[in-house]
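This report describes selected features of one protein structure. It goes from strands to helices and then to individual residues.

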Amino acid sequence: MNTYFLEQLMASPSALPTNTSQVDLAPCVLTIGNFDGVHLGHQAMLDQVRDIAHAQNLGSAVMIFEPQPREFFAPATAPARLTNLAEKQALLAEHGVETLIVAGFDTDFRSLSAQAFADILAMRLNVKALVLGDDFRFGHDRTGDSQFLRDYGLHVTNLHTITDDSDKAARISSTRIRDLLLAGDIDAANTLLGRDYAITGMVMGGDKIGRTMDFPTANIGLQRIKPALHGIFAVDVVSLDGEGQVIPNGLVALADNGQTGIAGLRQNSLFGTANIGTRPSVDKTHDWRLEVHFPELQADLYGLTLQVRFLHYLHGERRYDGLEALKAGIHQDVTDLLEWRAKQK
């Protein structure tokens, strides 16, 4: 999948409304949105794009926004991210998208008129047809819609609300999945995602508090304002290479002193216990962290890219009075999650 940033495709950000010379992109069918989570509803959009593109011998393309609009307008109250940009890129590529266009959502972009945005689509991005949700709006003050684009001369297919098999009245949405994850209902969230929920990030330096309590953790970068789920979880973890592919036995190969960890539930993974949240017991209430402890593993994991798959929710974050109480709480959590692991096939 080729990824382009819209600003790089244009002569300059200030020229967006008026510079309409062609860029070197193949004629394409485009869909537009946040695509946070790339869930089953999004996947239906992508399937429609691919079908139309194949029928008309066109390329398939997706435009997303960074930051997402609500993060631009009100970052403190914006919804938690299901997927950061890198995760979204990987998922879109898996679903056959050929071209990804990342539009920087800023003051210049939000000020574009509907006419200027349509000009960009047709004359700069070589868009021949679009697949859009039935509520899609665009342009300054959201003055543009699907009919505006049809009147402009573009072919637009509207895909209506996608519901799930268990509840035909319930729309599959990123909001609904966030609510399920926040409630710890991982299985229901996975059903709507069409895959197991996971977070990918690089192991970074932390404050090493866990190490002082005999529970060392890998501190994994979130690359989002805040995560979509909070609490204590059983996870399994794989190591990824620079192309995003799983490294066979990538974690076991780094083990020292025969401490090779406990096998996870998927191939090439290790089992871990994870805390994702703000760690109220260490007064880091504005510092979102994903920390994973690997029982029976001794290894240097700094700099690795890890994918953490969430398997089982134990409980929400708890505040403990002092480090000894925190240590006892962590010990009990690890014990409980290892017991859960032992019951799995």
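## Strand S12

Two sets of side chains leave strand S12 in opposite directions: Leu-270, Gly-272, Ala-274 and Ile-276 point one way, while Phe-271, Thr-273, Asn-275 and Gly-277 point the other way. Every one of these residues is buried. The strand is accordingly described as mostly covered, with 8 of its 8 residues buried. The model is a predicted one.

S12 has partners on both edges. With S11 it pairs in the antiparallel sense over 7 bridges, and Val-237 stands opposite Leu-270 of S12. With S13 the pairing is again antiparallel, over 5 bridges; here Thr-273 faces His-293 in S13.

## The barrel

Where does S12 sit in the order of the barrel strands? The order is S9-S10-S13-S12-S11-S14, a closed barrel of 6 strands with antiparallel pairing. From one strand to the next, the twist averages 45°.

Helix H11, residues 323–342, packs on this sheet. The helix touches strand S11 (231–240), strand S12 (270–277), strand S13 (289–293) and strand S14 (305–315). The direction of H11 makes about 95° with that of S14.

Elsewhere in the barrel, strand S9 (residues 198–204) and strand S10 (residues 218–220) run antiparallel and are joined by 2 bridges. Val-203 stands opposite Ile-220 in S10.

## Helix H2

Helix H2 covers residues 40–55. How does its length compare with the expected span? At 1.5 Å a residue, the 16 residues should span 22 Å, and the end C-alpha atoms are 22 Å apart, so the two values agree.

Buried residues of H2 are Gly-41, His-42, Gln-43, Met-45, Leu-46, Val-49, Ile-52 and Ala-53. After the helix comes Asn-57, with a positive phi near 55°.

## Thr-83

Thr-83 lies in the loop between helix H3 (69–73) and helix H4 (85–94). Is this loop residue buried or exposed? Its relative accessible area is 2%, and because the cut-off for buried is under 20%, Thr-83 counts as buried.

The side chain of Thr-83 reaches the backbone nitrogen of Gly-37 at 2.9 Å. Leaving aside residues up to four places away in sequence, Thr-83 touches Phe-35, Asp-36, Gly-37, Lys-88, Leu-91, Arg-195 and Arg-224. Gly-37 thus appears both as a contact of Thr-83 and as the residue whose backbone nitrogen its side chain reaches.

## Backbone exceptions

Most residues other than glycine have a negative phi, and most peptide bonds are trans. The residues below depart from one or the other of these patterns.

Asn-57 has a phi near 55°, a positive value in a residue other than glycine. Asn-57 belongs to the loop between H2 and S3 and is exposed, with a relative accessible area of 72%. Gln-223, which is not a glycine either, has a positive phi of about 55°. Gln-223 lies in the loop between S10 and S11, and at 64% relative accessibility it counts as exposed.

Which two residues are joined by a cis peptide bond? They are Glu-66 and Pro-67, with omega at about -5°. Pro-67 is found in the loop between strand S3 (59–66) and H3.

Key
Residues are numbered from 1 along each chain as its sequence is written. This is a predicted model: local features need pLDDT of at least 70, side-chain atom pairs count only at pLDDT 80 or more; totals for chains, interfaces and linings use all residues. Side-chain values use heavy atoms; hydrogens and water are left out. Two strands pair if DSSP finds at least two bridges between them. Helices (H or I, at least four residues) and strands (E, at least two) are DSSP runs, numbered from the N terminus. Axes are lines fitted to C-alpha atoms, for helices over the stretch in contact, and angles run from 0 to 180 degrees between N-to-C directions. Contact means heavy atoms within 4.5 Å. Buried means under 20% relative accessible area, exposed over 50%, partly exposed in between (1.4 Å probe, protein chains only). A polar contact is a pair of N or O atoms within 3.5 Å; within protein, one must be able to donate a hydrogen and the other to accept it, and residues adjacent in sequence count only if both atoms are side-chain atoms. The expected span of a helix is 1.5 Å times one less than its number of residues.
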